[in-house]
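User: Please examine one part of this model closely and describe how it is put together. State the cut-offs behind each term as it arises.

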Amino acid sequence: MKTNRFLVIVAAAALLMTSCSNKDDRMLTIINKDGTCSREMTYHPDQEDVMAPLSETINVNGMIFSSGWERSWSVVGDSVRHACPMTQQQWDSLKSVFPDQSVIDNILMHTKQEYPLVSEMCDSLNRVAQELFKDTASLEKQFKWFYTDYVYKETLSIAVVEKAFSIPLDRFVSADTASYWFTGQPNLAADLTGAEQKELLDGIEGKISQWFIACTMAHVCEIIANERYDEVKNPPVSKEQFIALKDSIVMSPAMGRLNLFDEPAQASKILEEYFHSDAYTPLFSDSKIWDNRLDEKYKYYSFLVMMKPTLDYVMPGKVIDAGAGVIDGDVIHYKFSGEQLIPHPYVVTITSRVTNIWAFIVTFLIILLAVGSFFYHPLRLFRRRE
């Protein structure tokens, strides 16, 4: 097999270490004082997407945008928005403006919707994301007379972790190690030399790769047991026993000695060594079957790995706590990538404060009335004596 598509999930693991974040990909969330909100996603579009009729649903790396989303496009570096769909004449014009560059790299598409509640905004994103991730959020108003605090909390998590990764990650690395590898926190390399950091990262990389391979092998076993066990001639164990032994198979010593990066035949060798039987080997004679099945299972995971938008937030009033975000004028930036959801959910917490001008006016009037009343009574008594 010339192309290694058998281990799609392992190839995706490589993307975790080599893919670059696109600085232009963004998701802007605006929270208003009355609780209404809006969300806009910006990215480099394919030609067919930016030219698609507004009534047509578009698919952007697993993100499904229906006709309900407002669409526009702009040239990178230019704030002017143009209505979608882009015309062929506009596309040709851009090709002449950027003769030696890709038009796609020089334009951005913006998809936007407005919502009455943050819960509806999350439901909308969940429909867009399908199985990529799950979004939940809350907005709490804390009235404190002279000002009102707005506390916004949003949590992004893998929709069904067990569905994609049936083998727990903590069987290979600790929770802190997993978090460091995928998110950078806690910084386990803070006090290490360059050589020590390399040794640390090489060790973690090996463990993470083993985990990906184990997850893939577990899926292979599930396909055999649930769909193809009737094809096995003279199986060494019953189907029920095979299912019960799956965990033992993926954690067997053979998993570490054989290189699953080569071909699907390596999976058959693992089963052959474990059961001391070649009964399962014929199942791997057609590698395309396994390529397609694993592509089907992990394509959304591949989309997740490539997802690296900057998360931007605008809150009412002045931000007093941005959590892990960076305040840039009126915008709070969060660095995000899909693989950060693997060890644990990604949480955004922002607190902003709105000054209640009317509260100061009311307080001033109350004080003024109180002072006026204080002087008014003695003045009445003085006049009576006269």
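Analyst: The account below follows the sheet that contains strand E2 and then turns to the second largest pocket.

The model is predicted, so local features require a pLDDT of at least 70 and side-chain atom pairs count only at pLDDT 80 or more, whereas totals for chains, interfaces and linings use all residues. Residues are numbered from 1 along each chain as its sequence is written, and side-chain values use heavy atoms, with hydrogens and water left out.

Eight strands make up an open sheet with mixed pairing, in the order E6-E5-E7-E2-E1-E10-E13-E12. Strands (E, at least two residues) and helices (H or I, at least four) are DSSP runs numbered from the N terminus, and two strands pair if DSSP finds at least two bridges between them. Strand E6 (82-83) and strand E12 (326-328) are the edges; each has a single partner strand, so one side of each lacks a neighbour in the sheet.

Within this order, strand E2 (residues 37-43) has seven of its seven residues buried, that is, under 20% relative accessible area, with exposed meaning over 50% and partly exposed in between (1.4 Å probe, protein chains only). The cover extends to both faces: Cys 37, Arg 39, Met 41 and Tyr 43 are buried on one side, and Ser 38, Glu 40 and Thr 42 on the other. Strand E1 (residues 26-31) is joined to E2 by six antiparallel bridges, with Ile 30 partnered by Ser 38. These two strands form a hairpin with five residues between them, and Gly 35 in the turn has a positive phi of about 95 degrees. E2 also pairs with strand E7 (residues 107-115), in the antiparallel sense over seven bridges; there Tyr 43 stands opposite Met 109.

Cys 37 of E2 also enters the cysteine geometry. A disulfide is a pair of cysteine sulfur atoms within 2.5 Å, and by this rule the count is zero. Cys 122 is in no disulfide, and its nearest cysteine sulfur, that of Cys 37, lies 8.0 Å away. Cys 122 is itself buried, at 3% relative accessibility.

Further along the sheet, strand E10 (residues 310-314) and E13 pair in the antiparallel sense over four bridges, and Thr 310 stands opposite Lys 335 in E13. Lys 335 leads to the second largest pocket: together with Thr 183, Ala 324, Gln 340 and Tyr 346, Lys 335 is among the closest to the pocket centre of its 13 lining residues. On a 1 Å grid over the protein atoms alone, a pocket is an open set of points where a 1.4 Å probe fits, with protein on both sides within 12 Å along at least five of seven lines, and lining residues have an atom within 4 Å of a point. The pocket holds about 340 Å³ of space, a volume filled by probe spheres set on grid points that are joined across faces, edges and corners.

Strand E13 (331-335), strand E14 (346-355) and helix H6 each supply at least two lining residues, and E13 gives the most, with three. The lining comprises six nonpolar, six polar and one charged residues; Ala, Val, Leu, Ile, Met, Phe, Trp, Tyr, Cys and Pro count as nonpolar, Asp, Glu, Lys and Arg as charged, and the others, Gly among them, as polar. In H6 (residues 175-183), Thr 177, Ala 178, Ser 179, Tyr 180, Trp 181 and Phe 182 are buried, and Gly 184, just after H6, takes a positive phi of about 90 degrees.
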